[in-house]
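Visitor: I would like to know how the terms used for a structure are justified. Please take me through them one at a time.

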Amino acid sequence: MAVADHVDIEQFMAGVEKRNPHQTEFIQAVREAAEDIFDYIEDKEIYHRYQILRRIAEPDRVISFRVCWEDDNGNIRVQRGWRVQNNNSIGPYKGGLRFHPSVTESVLKFLAFEQTFKNSLTGLPMGGGKGGSNFNPKGKSDNEVMRFCQSFMTELYRHVGADIDVPAGDIGVGAREIGYMFGQYKRITNRFTGILTGKGLEFGGSLVRTEATGYGAVYFLQNMLNHRGDSIEGKSAIISGSGNVATHAAEKILHLGGKVLTLSDSKGYIHDPAGIDQEKLNWIKHLKTVKRAPISEYADKYPGATFHAGERPWSVICDLALPCATQNELNGEEAAVLIKNGCIAVSEGANMPTDLDGIRVFKDAGICYAPGKASNAGGVAVSGLEMSQNSARLSWTEEELQDQLKDIMQGIHDRCLEYGLKDDGTVDYVKGANIAGFVKVADAMIAFGVC
Ligand code: NDP
């Protein structure tokens with residue numbers, strides 16, 4: 001095999017941009033990983049020769065399909081669905097489904113690319129994938145959501161399988177949607193196999209899956225602080241989002257003795273200087289998952305709390321910040337405000353919530369900063385454990401799963417240290433996660449030869 005011509009990062013990124021025009025989120029995610037990986041592989045000829053990064057940044061396949069459904073007024077509606085199967089070198093494709101009007105091919109390609117590194121970091125045998133639709137479940141009746149999910153699965157079922165590709169939930173896809181999709185898969189194929197995770201406990205779901213991403217992000221935060229001889233106890237935290245990840249991150253902060261000051265949704269954020277305790281949190285969970293109403297109602301219910309329409313919470317003074325809503329929700333200016341206000345650690349529950357400028361600000365300030373591909377991996381890790389339980393046809397106890405989640409998050413933290421520990425004792429978790437995630441996938445790809 002010929003020795004490869006070495007391109008530099010700018011030549012590499014120029015190629016990515018040319019092949020993926022206008023896919024800004026995907027290009028951003030590739031650059032973020034490539035900056036660290038290029039440094040690491042500089043003197044490692046084999047990774048150049050096998051064009052590993054070039055191949056990981058080209059999805060194995062992108063499946064796009066039409067999804068037709070009928071609304072309650074009898075109108076025919078047409079949406080677009082996708083499944084991006086990025087890389088299955090270390091296990092079946094695995095990654096969530098997102099239903100949100102902002103979903104595009106670029107968003108799903110960035111998520112599938114990041115998922116490849118994240119799944120590798122968990123130490124479990126899972127490749128990277130992601131999917132979803134530009135369908136907006138907000139304001140739709142249960143029957144409309146059911147008809148959409150059934151139609152979506154009527155196409156997706158050909159592309160998934162317990163050893164092929166196992167989707168889960170993400171933004172806009174929770175227990176209700178997973179139930180409808182699993183039911184449709186079973187109906188079409190007459191098979192009861194673990195083709196989705198995040199299932200209800202009655203039909204093959206795993207305990208702790210619902211809590212896993214949020215809890216895991218806080219365990220990761222705890223590991224970072226412990227590494228610096230500090231802890232969560234007595235610290236104030238600001239959190240964005242009020243969905244699955246945000247509410248469970250808030251819950252774990254409370255368990256570990258911290259105080260939660262904010263949560264948000266797409267309309268704005270609430271600030272409760274008295275702290276959002278477990279009772280208030282339970283009220284929010286009900287508000288968002290049963291009533292499906294905006295977070296602004298919190299300020300009507302709890303006097304002393306304020307609602308800030310159209311704003312994000314990053315100007316509130318805090319020790320800890322957890323962005324848990326969506327991508328690019330924290331920019332360079334906001335990162336600088338957080339640092340000025342004394343924030344010492346950021347753990348991302350969402351995927352790529354901090355933009356490239358924000359990442360640079362956190363890195364330069366030398367605070368504990370965990371990228372989502374490391375800190376939010378608890379969800380997919382417990383999904384991996386759900387797959388194991390489905391294959392073995394048994395269910396583990398809550399205690400066993402909580403212990404495994406903690407161990408996995410500790411393991412990810414330690415893998416980040418392996419490649420991210422700096423001479424001054426601080427840790428570049430972005431670099432650590434990118435390289436540790438890359439090496440395992442890359443070595444498997446080399447074992448397979450050129451394919
Ligand atoms: P949910 O749908 O449960 O909640 C999403 C939350 O984010 C809601 O509060 C929503 O507000 C808010 N939000 C969504 N889009 C925007 C936007 N454009 N601007 C401001 N707020 C927004 O999703 P999850 O909690 O499951 O996911 C949150 C993040 O965590 C995503 O980045 C996801 O990819 C990531 N993640 C999720 C995992 C999981 O296990 N669920 C696993 C790993 C990562 P509103 O209610 O108004 O829509």
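Guide: Two strands count as paired if DSSP finds at least two bridges between them. Keep in mind that this is a predicted model.

Visitor: What makes β3 and β4 a pair, and do they run parallel or antiparallel?

Guide: Strand β3 (residues 93-99) and strand β4 (residues 127-133) are joined by five bridges. The pairing rule asks for at least two, so β3 and β4 pair, and they run parallel. Phe-99 stands opposite Ser-133 in β4.

Visitor: Why is the sheet with the order β1-β2-β4-β3-β5 called mixed?

Guide: Strands of a sheet can pair either parallel or antiparallel, through backbone hydrogen bonds. In this open sheet of five strands the pairing is mixed.

Visitor: Why are β1 and β5 called edge strands?

Guide: Both β1 (61-70) and β5 (165-168) pair on one side only. From one strand to the next, the twist averages 20°.

Visitor: How many strands are in the open sheet that contains β7, and which are at its edges?

Guide: That open sheet has seven strands in the order β9-β8-β7-β6-β10-β11-β12, again with mixed pairing. Its edge strands are β9 (306-309) and β12 (368-370), each paired on one side only. Neighbouring strands of this sheet are turned by 15° against each other on average, direction ignored.

Visitor: What makes β8 and β9 a pair?

Guide: Four bridges link β8 (residues 268-271) to β9 in the antiparallel sense. At least two are required, so β8 and β9 count as paired. Tyr-269 stands opposite His-308 in β9.

Visitor: How do you know that Asp-170 makes a polar contact with the ligand?

Guide: A polar contact is a pair of N or O atoms within 3.5 Å. A polar side-chain atom of Asp-170 is 2.6 Å from an oxygen atom of the ligand, so this pair qualifies. For the side chain of Arg-98, an N or O atom is 2.9 Å from a ligand oxygen, and for Arg-209 the distance is 3.1 Å. Both of these pairs also fall within 3.5 Å.

Visitor: How much of the ligand does the protein cover?

Guide: On its own the ligand has 900 Å² of accessible area, and the protein covers 82% of that. Elements giving two or more residues to the shell around the ligand are α8 (209-227), α9 (244-255) and β7 (259-265).

Visitor: Why is the ligand said to lie between two domains?

Guide: Domain 2 (61-193) and domain 3 (210-375) both give residues to the shell, so the ligand lies between them. The shell residues divide into five nonpolar, 13 polar and seven charged.

Definitions and conventions:
Residues are numbered from 1 along each chain as its sequence is written. This is a predicted model: local features need pLDDT of at least 70, side-chain atom pairs count only at pLDDT 80 or more; totals for chains, interfaces and linings use all residues. Side-chain values use heavy atoms; hydrogens and water are left out. A polar contact is a pair of N or O atoms within 3.5 Å; within protein, one must be able to donate a hydrogen and the other to accept it, and residues adjacent in sequence count only if both atoms are side-chain atoms. Accessible areas come from the Shrake-Rupley method with a 1.4 Å probe; for residues, only the protein chains shown count as cover. Ala, Val, Leu, Ile, Met, Phe, Trp, Tyr, Cys and Pro count as nonpolar, Asp, Glu, Lys and Arg as charged, and the others, Gly among them, as polar. Domain bounds come from an automatic or database domain assignment. Axes are lines fitted to C-alpha atoms, for helices over the stretch in contact, and angles run from 0 to 180 degrees between N-to-C directions.
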